[in-house]
Amino acid sequence: MNDYRRIADRIAADIANGRLRAGQQLPPQRAFARRHGLAPSTAGRVYAELVRRGLVVGEVGRGTFVRAAAPDGQPGRTLTEAAGDEPVNLELNYPYLPGQSEMLSPVLASLARSDALGGALRPASVAGTPAAREAVAGLLAQGGVQAEPERILFTGNARQAIAATLVSLVRPGGRVGVETLTYPLVKEIGTRLGRTLVPLAMDEEGLRPDALTAAHRTAPLSALYLQPTLHNPTTLTTSANRRAELANVIHRLGIPVIEDRIWSFLRPSAEAGAPPLAALAPDLVHLVDGLSKRVAPGLTVGFVVVPGDRVEAVSRAIRSGGWSAGGFALEAAVRWIGDGTVERLVAAKRRDAARRRRLVAEELDGFAVRSDPSSYFAWWELPAPWRADTFAAAARERGIAVTPGTAFAVGPGGAPGAVRLGLGSAPEPELARALSVLAAVARGGRAAGSGSARW
């Protein structure tokens, strides 16, 4: 049957004459089928035909969008592809420096010797080893956290540390307070574990203490998750005064806290002038950190510093989830910390982040972009009439992946018209070009409005 092609022809005509504009979202296929009296399978063939013609692009979990035409008018070509570049991923954010492999390889070579490999390949306990606890305690002390080694537990990565701590603190159906914009993985963990995330209002200093108090009075919160240093995605760092206010509220209400410090190494405590919450409320705060950003995601370790009376509960959660650190990664981490490799990498990544942040300032000058000078990501509040999802789809058509603000939003409030740009993964020349392309897309203003065509 050619009926689906005739329907695709009508949609193509609406795209050609501007009734459907670049970046505009088509309805879900089932809604399209109901509206036009079609079988769902026929609607699927219509959408597939539009994709085949290069007129629309499907985003998994987001929808189908009218494809943004390249500046030369040639369908299917993207700005990055025109230059022969690979697509640039500004969603992932794992900084890896040129020459980093050479910095890491001596330790890996030493572990490959038979006299060391046997020990490194043995299973590691949740408590790690005495050497690991001492090494991590020293690493955390550089950021203002004085952690007794016996309170440090180890996981495969920081995400597993977050999941295990949530499991240990919150029963299924329990309420977890989070910032209105939060780490997407926490949203996923909450959903999978059956925990209810409660959005808490923020301002220019981060989480508002009055919002925390009001939410707890409505129905008790079992725990609070937050990122007071280089908040993802906004890059906000909570001031010392605000942290003291939050610590007072936390103590008064008796709410356990998960403090995510994964990016804090980029902004040392001495520069930020604000102590970790774990230093202000060590009896309630579970501090989560890891080496994936400092070192590399492929061979990493996560760790959590827990209140003294919580060691066994969190240990059980780590073991039950199968989230213990690997012995090889743990031994490598100990050696990298001990020989100064981590310290050198941190210093180099601080400089690298500052350079990349300057690229953002240059290429996105004039736009509403929030980014701490030491951050590896930026929060871009898009100009009207762009919406986050349609801009992300238009960027994808240029071979650039960005994260729409909807991925971070919690609760039923309006989705933020913003995108997060991860600055750490792409090589600097590719990052500069991608930012330039995104600026051109934003200035074009060809965002999705309601349109006159009812598809």
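How many bridges pair strand E15 with strand E18, and in which sense do the two strands run? I shall come to the answer shortly, after some remarks on conventions.

Good morning, colleagues. The model before you is predicted; local features are reported only at pLDDT of at least 70 and side-chain atom pairs only at pLDDT 80 or more, whereas totals for chains, interfaces and linings use all residues. Residues are numbered from 1 along each chain as its sequence is written, and side-chain values use heavy atoms, with hydrogens and water left out.

Let me begin with the overall picture. The protein contains 18 helices and 18 strands; these are DSSP runs, helices being H or I with at least four residues and strands E with at least two, numbered from the N terminus. Of the 455 residues, 54% are buried, where buried means under 20% relative accessible area, exposed over 50% and partly exposed in between, with a 1.4 Å probe and protein chains only. Among contacts with a separation of 6 or more, 75% join residues 24 or more positions apart; a contact means heavy atoms within 4.5 Å.

I turn now to my opening question. E15 (residues 377–381) and E18 (residues 418–422) pair over five bridges in the antiparallel sense; by the convention used, two strands pair if DSSP finds at least two bridges between them. Within this pair, Trp-379 has Arg-420 of E18 as its bridge partner. Both strands belong to an open sheet of four strands with antiparallel pairing, in the order E14-E15-E18-E17. Strands E14 (368–370) and E17 (403–404) each have a single partner strand, so one side of each is left without a neighbour in the sheet.

A residue that touches this region is Thr-235, located in the loop between strand E10 (223–226) and helix H11 (240–253). Is Thr-235 buried or exposed? Its relative accessibility is 4%, and it therefore counts as buried. Beyond its neighbours within four places in sequence, Thr-235 contacts several residues, including Arg-370, Phe-377 and Ala-378. In addition, a polar atom of the Thr-235 side chain lies 3.0 Å from the backbone nitrogen of Asp-372.

The second sheet is also open, with seven strands in the order E5-E13-E12-E11-E10-E6-E7 and mixed pairing. Its edge strands are E5 (152–155) and E7, each pairing on one side only. From one strand to the next, the twist averages 25 degrees; axes here are lines fitted to C-alpha atoms, for helices over the stretch in contact, and angles run from 0 to 180 degrees between N-to-C directions.

At one edge, E5 runs antiparallel to E13 (residues 302–305), joined to it by four bridges, with Leu-153 opposite Val-304. Helix H7 (residues 130–141) packs on the sheet, where it touches E5, E12 (285–290) and E13, and its direction makes about 105 degrees with that of E5.

At the other edge, E6 pairs with E7 (residues 196–200) in the parallel sense over five bridges, and Arg-175 stands opposite Thr-196 in E7. Why is E6 (residues 175–179) described as largely enclosed by the rest of the structure? The reason is that four of its five residues are buried.

Glu-179 is found in strand E6 and counts as buried, at 3% relative accessibility. Leaving out residues up to four places away in sequence, Glu-179 touches, among others, Leu-200, Tyr-225, Gln-227, His-231 and Val-410. A polar atom of its side chain lies 3.4 Å from the backbone nitrogen of Gln-227. The C-alpha atoms of Glu-179 and Leu-197, 18 residues apart along the chain, are separated by 9.4 Å.

Finally, two helix pairs. Helices H2 (residues 29–36) and H3 (residues 40–52) cross at roughly 115 degrees, their axes coming within 8 Å. H2 is therefore roughly perpendicular to H3; the classes are under 35 degrees for roughly parallel, over 145 for roughly antiparallel, 65 to 115 for roughly perpendicular, and the rest oblique. The residues making this contact include Phe-32 of H2 and Tyr-47 of H3.

Helices H8 (residues 158–169) and H14 (residues 311–321) pack at about 120 degrees, with axes 8 Å apart, and are therefore oblique to each other. Among the residues making the contact are Ala-164 and Val-167 of H8 and Ala-313 and Ile-318 of H14.

Key: A polar contact is a pair of N or O atoms within 3.5 Å; within protein, one must be able to donate a hydrogen and the other to accept it, and residues adjacent in sequence count only if both atoms are side-chain atoms.
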